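Me: I have a model open and want to learn how to read its sheet and its cysteines. Where do I start?

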Amino acid sequence: MKSSGNKLRGYGEVCSALDARQRITLGLERMERLLSLLGEPQRDFGTVQVVGTNGKGTTTVTLAAALTACGHPAGAYLSPHLISYTERILLPSGYVSEEEFARVMDRVMRLDDEMGVGASQFEILTAGALLLFREAGLGWAVLEAGMGARHDATSVVRPPVVVLTNVGLDHTEYLGETVEEIAREKLASVQPGGTLVLGTGDPLVVRLARERCGETGARLVPVSGAVEWDRLAPYAARDAALGLRAAEVVLGRALGDRERKEALERAAGVLPGRFEVHEREGVPVVVDGGHNPPGIRATIEAVAVRFGGRPLGIVFGCLRDKEVASMLDAVAGASDALVLTRPESGRAADPHRLIVEHDPRDRRGKEAVVVEEVGEAVGRMVEKMWREGGVVLVTGSLYTCAAAIRWLREG
């Protein structure tokens, strides 16, 4: 979509223009040219890149919050967003305003159009975030990779510190069909002489991480454990611990108790759709954007820890390019009632087709039910769990979660 004259576009127009640029692109050449035209904003602050299959968002915001708590103001670049594009850019004061977001992204898109760079939505957003971080005078930027690392737009900063959360099967059409292939893609941004902070003990990933660090002369820092913080889901507590430890690596010192507490306070509740707990008619409704088998299993485990042995009704809607069969196995095996729905995305898996191809049943042996519209699906499950004294979990895709949250907020 081309810019219209010299008139500045408002937030809604900018969002529409970004939507029109949504496509998968690989390679760093467009980012390199765009940042050159913008005066290389990434050179004005330190950078850390967070890569992995699950937990990147929590790790990213906790790391940025810890740096800020220690007197080094840091921004976080996140993806994808759930309700608003502004969720992609987190400053020490909170998410960027719609006005500031529109101003910067409009500038970047106009420059892209004028110079014929041909950047995608994610590349425009990444360049705009870096520009906003420079304008804010930040000392650090923590960048969550969108997909992999080798060809991801965030890798253009050549990060001296890379944090790898874990590796599972996701984006297999782009990153490879095995954990080993995907891990190599995610480790590709580790720089010569840099540092890799590793948050998984998976023996295969550990071996590959050691190999990559050996090839590049990078330092390897393994991390394990979790923080004790009742505002976080169990899986998020592990990711938060990784973010805190990564901050210590960046700063070259241990965090004090006050700094750790402030960082966790800053990070808690920031990310929408990550174990977000609502209540409708007295029924807890957990909304979590788990979109691959490990993420969904971790969410189900967290629900069991938080709500004990209460009956669990799951509303599930996923994208067709995901590991659908394994995700269905996870939700079917844990649910006392299962509803399949359709995420608000052109890549949505057809729930009727999932019924035909996979015949998912809950653990009581009852067939899954299809309710096309997400809000209606959540409403029906709330009614059922109200009768049974249960809990509702909405999962499978951030698109599903976004629709559920809008329905829940509308009352």
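Reply: Start with pairing. Two strands pair if DSSP finds at least two bridges between them. Keep in mind that this is a predicted model.

Me: What is the strand order of the open sheet of 8 strands?

Reply: The order reads β4-β3-β2-β5-β1-β6-β7-β8, and the pairing is mixed. At the edges sit β4 (94–95) and β8 (219–222), each paired on one side only.

Me: What packs on the sheet?

Reply: Helix α5, residues 121–135. The helix touches β2 (74–77), β3 (89–91) and β5 (140–144). Compare directions next: α5 makes about 175 degrees with β2.

Me: Now a single pair. In which sense do β1 and β6 pair, parallel or antiparallel?

Reply: Parallel, over 4 bridges. Strand β1 covers residues 46–51, and β6 covers residues 161–164. For one bridge, look at V48: its partner in β6 is V161.

Me: On to cysteines. How many disulfides does a search of the whole structure find?

Reply: The search finds 0. The test is distance: a disulfide needs two cysteine sulfur atoms within 2.5 Å.

Me: Why is there no bond at C318?

Reply: Because the closest cysteine sulfur, in C401, is 12 Å from that of C318, too far for a bond. From the other end, the sulfur of C401 has C318 as its closest cysteine, again at 12 Å.

Me: Is C318 buried or exposed? What about C401?

Reply: The cut-off for buried is under 20% relative accessible area. C318 is buried, at 1%. C401 counts as buried too, at 0%.

Note on methods. Residues are numbered from 1 along each chain as its sequence is written. This is a predicted model: local features need pLDDT of at least 70, side-chain atom pairs count only at pLDDT 80 or more; totals for chains, interfaces and linings use all residues. Side-chain values use heavy atoms; hydrogens and water are left out. Helices (H or I, at least four residues) and strands (E, at least two) are DSSP runs, numbered from the N terminus. Contact means heavy atoms within 4.5 Å. Axes are lines fitted to C-alpha atoms, for helices over the stretch in contact, and angles run from 0 to 180 degrees between N-to-C directions. Buried means under 20% relative accessible area, exposed over 50%, partly exposed in between (1.4 Å probe, protein chains only).
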